[in-house]
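Please open the structure in your viewer and keep the selection panel at hand, as the tour moves from one selection to the next.

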Amino acid sequence: MGGVNVIVTKSLNHDDAKEKSGSIPQATIHSHEVIIIGGGLTGLRAAIQIADAGLNGAIISKVHPLRSHSVAAQGGMNASLGNVPGEDGKNDSWEMHAYDTVKGSDYLADQDAVELMCREATSTVIELEHMGTVWSRLENGKIAQRPFGGAGFPRTCYAADRTGHNALNTLYEQLFDRDIPVYEEFFVTSLVQDRGRCNGCTAIDIKTGNVHGFVSKAVLMATGGFGRIFSRSTNALINTGDGHALALNACVPLKDMEFVQFHPTTLYGTNILMSEGARGEGGILLNSNGERFMEHYAPNSLDLAPRDVVARSIETEIREGRGFDGGYVNLDLTHLGADRIMERLPGIRQIAMDFAGVDPIDDPVPVQPGQHYSMGGIDVDINGATILLGLYAAGECACISVHGANRLGGNSLLETVVYGRLVADKIIEDNPIHLEQDIEPIKLAIIDIEDKIGDIMDRKDNGNFFRVKNAITDIMFNKFGIFRDSDGMDEGLVEIKNLQEQFSKLSPINKEKPFNQSLIQFLEVEGMLKLAEIIALSAIERKESRGSHTRIDHPERDDVNFLKHTVSILNGEEVDITYKPVILGMFEPKERVY
Amino acid sequence: MKLKVYRYHEGMKEPRYDTFKLKSDPSITVLGALFQFQQEFDDSIAFHYSCRGAVCGTCAMLINKVPRLACRTQVASLIQGELKIPLSEFPAIEETVKWNPEEEILVEPLPNFPVIRDLIVDTTSFFNYYKFVEPVFKPADKTPEKERLMDPSAIPELELYTNCILCGACFGSCPIDGKNPDYWGPAALAKLYRFHIDPREKKGTDRLELANIPEGWWACEFYGNCRRVCPKGVPPLIAIAKAREQLNDINEKKEEEP
Ligand SMILES: Cc1cc2nc3c(=O)[nH]c(=O)nc-3n(C[C@H](O)[C@H](O)[C@H](O)COP(=O)(O)OP(=O)(O)OC[C@H]3O[C@@H](n4cnc5c(N)ncnc54)[C@H](O)[C@@H]3O)c2cc1C
Ligand code: SF4
Ligand code: FES
């Protein structure tokens with residue numbers, strides 16, 4: 001991997017560990033061949049593969065798997081099934097899917113990974129069907145497909161607007177059938193290393209507050225995105241980027257962290273997602289003058305241009321005074337008619353009624369852009385392997401780079417299931433080369449975490465750390481949002497540093513062990529503050545506009561200097577930023593026109 | 001506007017109620033109010049949350065004596081009395097604490113589940129019933145190369161049941177579950193029925209027979225609270241009624257054929 005080789009191994013003194021661990025006889029240590037951190041679509045699909053290969057795998061998740069963020073996905077999953085012909089009766093193909101994905105990514109995606117994902121897409125959707133997923137169907141009984149932003153064909157397979165719910169329940173059912181162990185409500189606190197390898201992790205059992213150790217030959221990170229670092233976000237409240245922070249602390253690099261997707265249509269007020277499926281079904285965006293403003297920005301694709309384009313257009317309308325008071329535009333579905341809305345978008349309708357008091361059958365829905373997806377993540381190769389032997393990552397927390405600078409709707413659910421399976425295959429293949437588990441480093445790691453929690457709890461300053469949490473999310477949305485410039489970002493970085501400084505003196509007021517959710521949030525915020533700094537530095541250094549990263553001071557894409565991935569790594573307390581090349585292939589970079 | 005919250009942890013003789021004055025924000029949800037409580041009043045409070053968008057089923061609790069999703073329930077609507085639902089008597093509906101619905105919101109843990117701490121309940125038995133119904137797709141045929149075809153007209157009924165988010169609100173409001181802890185409850189039976197009617201499933205009566213026991217299909221007395229409180233419009237009692245009808249038909253046929 002690109003010459004980066006900075007595995008830092010703690011030097012371990014086993015006698016010391018034994019002596020220290022003698023003082024914590026209650027510490028529980030679990031042993032599995034493979035530990036999967038995360039119970040969303042990625043984690044569940046991987047766990048099934050690992051169990052079917054006869055390996056002893058287990059899932060650790062901070063919430064019940066069915067409460068993972070994946071359950072919220074609405075619009076669908078892309079695959080070139082070709083069940084719905086495109087214009088002119090042409091048929092879809094995996095190559096067309098790959099082309100749209102690479103173009104959508106503003107040519108920053110690694111084309112080998114994109115190719116693999118698009119080739120695997122149809123069998124992946126069909127595999128879910130075989131496991132029992134209820135997909136929406138066409139009259140002829142085949143899986144239905146709808147048009148989505150940036151796609152040349154109606155390629156998005158869907159289950160009404162509850163695709164994530166249906167798929168996650170299906171995988172959970174399969175998991176259940178195989179009796180795969182799940183450590184539920186365990187919050188992972190560190191990755192453990194031994195002899196240059198990752199051989200497990202530590203986690204707090206939230207129910208008791210005790211720290212447990214997990215020894216394994218391999219660890220798969222499937223911890224999802226970091227959306228909650230931004231104040232306006234469509235993400236579940238638990239999406240705090242813990243996996244990214246864990247990787248960083250293990251000296252594993254992150255990649256392309258400046259690329260954060262802002263979804264154009266989130267409900268004004270709560271920022272709950274109004275699926276792209278709504279525009280896929282024919283919904284249109286209107287400004288306060290009642291104009292269909294997308295005509296000016298993307299005359300061909302109109303409201304179904306890719307997300308970065310539509311989000312910028314809405315933001316521009318709002319900034320130039322053609323939005324409504326409070327900063328929103330309208331998403332009009334009324335012309336679709338009650339039947340179609342109730343059949344295809346029932347969840348959207350319910351959300352609009354519950355959370356904004358608007359019934360889309362009668363009235364337009366107020367929407368504004370909000371953070372939605374983390375394109376960047378843990379730096380992995382095409383096999384999902386990190387530079388740390390035994391540590392793998394897949395799904396939204398990873399950056400295998402199929403989305404580059406901008407993800408197309410429907411490609412992320414696809415990525416979770418495709419790479420959940422493929423990375424598990426790689427883990428299975430690598431299993432013989434991984435060393436047998438050694439328990440001593442885990443014991444030492446438990447002591448470290450207990451010491452750390454002890455230190456946090458002993459801090460004297462009783463300032464309210466939730467204020468820091470709220471402040472960081474505001475800074476990120478305001479200074480590192482849809483439009484960025486160097487002055488704003490420099491200011492933002494200083495503010496982030498200040499917050500880190502303040503935070504290092506704070507402590508949760510609640511000092512009890514069982515169900516100390518304040519402590520859990522505290523640990524989440526600690527990671528968020530570090531990630532915020534990395535997003536900031538990556539964004540400041542990328543002096544061009546590409547995909548979701550829009551710099552007012554550098555409005556053009558600059559392939560000469562920036563057709564490359566940003567790689568960030570923790571070096572002590574400092575963040576080092578380096579770069580590595582994008583893997584090109586079938587498609588030459590061109591200007592994107594929609 | 002005030003939030004009156006049930007507090008309990010191991011070792012307490014009796015639960016207590018804490019009252020907290022909310023910063024007035026008409027659009028705040030009960031979940032938002034709980035976060036305000038946690039951040040500004042007492043960070044030791046424990047409650048479950050995840051999606052905050054009424055899709056993950058984590059945050060079901062008893063709000064003004066009705067099981068609801070805290071993230072979906074608007075404080076203002078409660079105060080204006082808009083969210084009243086007529087329910088049949090179930091254990092937790094009794095007034096055990098004084099509360100003034102015009103200016104207070106009463107938040108308690110989901111009934112019919114053991115309380116672990118504050119608003120967090122133990123869902124083990126709920127998920128055990130889920131386990132009992134063998135909620136795994138059992139296809140009729142060998143796995144084909146492509147997708148199995150499915151008549152789109154079969155989907156609306158199936159969706160009624162696949163929509164369940166396993167929040168437990170129905171279980172919490174069920175008068176039968178309140179007095180008979182062995183009853184599998186509405187959510188598990190609705191899940192079972194979902195597999196029974198899936199046209200891709202192995203046909204036959206296996207699924208129906210699975211709950212053909214007093215604690216299964218036959219314990220329900222059709223109070224209907226499950227349907228009324230369900231945030232996803234799932235009708236467990238229709239599933240139960242249909243399953244019983246089909247089982248009765250089968251039995252009648254068996255009697256006819258000596
Ligand atoms: C509202 C919404 C709608 C979407 N709709 C679509 C769509 O229609 N199509 C599409 O392609 N994509 C969609 N996406 C994106 C897609 O849903 C996500 O990218 C995808 O579900 C991520 O899955 P995952 O398995 O990687 O992670 P998640 O589902 O987020 O799961 C993460 C898991 O990690 C666990 N975890 C995290 N930190 C810790 C820790 N410290 N300790 C223990 N466990 C931990 C969590 O408990 C959880 O189980 C949508 C996203 C949003 C926000
Ligand atoms: S049937 Fe409804 S109330 Fe019962 S668990 Fe499912 S979603 Fe919740
Ligand atoms: S937090 Fe997910 S349903 Fe309320």
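In what order do the 4 strands of the open sheet in chain A lie, and in which sense do they pair? Bearing in mind that this is a predicted model, select strands 13, 14, 15 and 16 of chain A: the order across the open sheet is 13-16-15-14, and the pairing is antiparallel. At the edges you will find strand 13 (260–267) and strand 14 (284–286) of chain A, each of which pairs on one side only. If you look across the sheet, neighbouring strands are turned by 45° against each other on average, when direction is ignored.

Next, narrow the selection to strand 13 of chain A together with strand 16 (residues 365–374) of chain A, which pair in the antiparallel sense over 6 bridges. Within this pair, show A:Thr266, which stands opposite A:Gln368 of strand 16 of chain A.

Then leave the sheet and select helix 3 (residues 94–104) and helix 4 (residues 111–131) of chain A, whose axes come within 9 Å and cross at roughly 140°. Because angles over 145 degrees count as roughly antiparallel and 65 to 115 as roughly perpendicular, helix 3 and helix 4 of chain A are oblique to each other. The crossing of these two helices of chain A is right-handed.

To see the contact itself, display the side chains of A:Trp94, A:His97, A:Ala98, A:Thr101 and A:Val102 on helix 3 of chain A, and on helix 4 of chain A those of A:Gln111, A:Val114, A:Glu115, A:Met117, A:Cys118, A:Arg119 and A:Ala121. Coloured by class, the contact of helix 3 with helix 4 of chain A shows 7 nonpolar, 3 polar and 2 charged residues.

Key
Residues are numbered from 1 along each chain as its sequence is written. Chains are lettered from A and ligands numbered from 1 in the order in which they are written. This is a predicted model: local features need pLDDT of at least 70, side-chain atom pairs count only at pLDDT 80 or more; totals for chains, interfaces and linings use all residues. Side-chain values use heavy atoms; hydrogens and water are left out. Two strands pair if DSSP finds at least two bridges between them. Axes are lines fitted to C-alpha atoms, for helices over the stretch in contact, and angles run from 0 to 180 degrees between N-to-C directions. Angles under 35 degrees count as roughly parallel, over 145 as roughly antiparallel, 65 to 115 as roughly perpendicular and the rest as oblique. A crossing is left-handed if the near helix is turned anticlockwise from the far one by less than a right angle, and right-handed if clockwise. Contact means heavy atoms within 4.5 Å. Ala, Val, Leu, Ile, Met, Phe, Trp, Tyr, Cys and Pro count as nonpolar, Asp, Glu, Lys and Arg as charged, and the others, Gly among them, as polar.
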